[in-house]
Amino acid sequence: LTVHGLEPFAAEYARAIRREIDGVPLQVLPLDRVIMSKRPLNRAKDAAQLPALEATLLARDRSDADSE
């Protein structure tokens, strides 16, 4: 399986974030990696999501910087 903009599965899995939702353990990609996977695809649905995803990442990064 190849996902454009991402490294091989093992590398991406190693940086996945571990969360539990309703008792179900999940591995999810960090937001910056989700964005990296969507940019090269040039699909309309990804292009529509990218501004909101990028704004969320920017706001989170600013919040993290403010708390340092």
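Colleague: Why is Glu7 called partly exposed?

Modeller: Bear in mind that this is a predicted model. Glu7 has a relative accessible area of 40%. Buried would need a value under 20%, and exposed one over 50%. Glu7 therefore counts as partly exposed, because 40% lies in between.

Colleague: And what makes the Glu7 and Arg15 pair a salt bridge?

Modeller: The side chains of Glu7 and Arg15 come to 3.3 Å, N to O. The cut-off is 4 Å between a side-chain nitrogen of Lys or Arg and a carboxyl oxygen of Asp or Glu, so the pair passes. Arg15 has a relative accessible area of 33%, so Arg15 is partly exposed by the 20% and 50% limits.

Colleague: Why does the Arg39 and Glu54 pair count as a salt bridge?

Modeller: Its N to O distance is 2.9 Å, which means the pair is within the 4 Å limit. This bridge links distant parts of the chain: Arg39 sits in the loop between H2 and H3, while Glu54 belongs to helix H3, 15 residues apart. Relative accessibility is 42% for Arg39 and 31% for Glu54, so both are partly exposed.

Colleague: How do you know that Arg60 and Asp61 form a salt bridge?

Modeller: Their closest N and O atoms are 3.9 Å apart, and the limit is 4 Å, so the pair counts. Here too the partners are partly exposed, Arg60 at 38% and Asp61 at 37%. Elsewhere, bridges with shared partners tie Glu7, Glu12, Arg15 and Arg33 into one network. By this rule the count comes to 7 salt bridges.

Colleague: Arg33 is in that network. Is Arg33 buried or exposed?

Modeller: Buried. Arg33 has a relative accessible area of 11%, which is under 20%, so the label follows. Arg33 is found in helix H2, residues 31–38. Beyond its neighbours within four places in sequence, Arg33 is in contact with Gly5, Leu6, Glu7, Glu12 and Arg15.

Colleague: Which other residues of H2 are buried?

Modeller: Besides Arg33, they are Leu31, Ile35, Ser37 and Lys38. The buried residues of H2 pack against helix H1 (9–14) and H3.

Colleague: What makes the largest nonpolar core a core?

Modeller: Its 5 residues are Leu31, Ile35, Leu50, Leu53 and Leu57. They qualify because they are buried and joined through side-chain atoms within 4.5 Å. H2 and helix H3 (44–66) are the elements that give two or more residues to this core, and H3 has the largest share, 3 residues. Leu50 touches Ile35, Lys38 and Arg39, leaving out residues up to four places away in sequence.

Colleague: Now the outside. Why is Leu26 able to join a nonpolar patch?

Modeller: Leu26 has 33% relative accessibility and counts as partly exposed. A patch takes residues over 30%, so Leu26 clears the bar. The patch, about 300 Å², is made by Ile21, Val24, Leu26 and Val28. Strand E2 (residues 24–28) gives the most to it, with 3 residues, and Leu26 is found in that strand.

Colleague: What is the radius of gyration of the chain, and what would a compact globule have?

Modeller: The chain has 14 Å, whereas a compact globule of 68 residues would have near 11 Å. Buried residues make up 19% of the 68. The elements run α-β-β-α-α from the N terminus, and the C-alpha atoms fill a box of roughly 35 × 30 × 25 Å along the principal axes.

Terms used. Residues numbered from 1 in each chain as written. Predicted model: local features only at pLDDT ≥ 70, side-chain atom pairs only at ≥ 80, totals over all residues. Heavy atoms only, no water. Helix = DSSP H or I, 4+ residues; strand = E, 2+ residues; numbered from the N terminus. Buried < 20%, exposed > 50% of the residue type's maximum accessible area, 1.4 Å probe, protein only. Contact = heavy atoms within 4.5 Å. Patch = residues over 30% accessible without salt bridge, like charges linked within 9 Å, V, L, I, M, F, W, Y side chains within 5 Å. Areas by Shrake-Rupley, 256 points an atom, 1.4 Å probe, with all protein chains shown as cover. Rg over C-alpha atoms; globule rule 2.2 N^0.38 Å.
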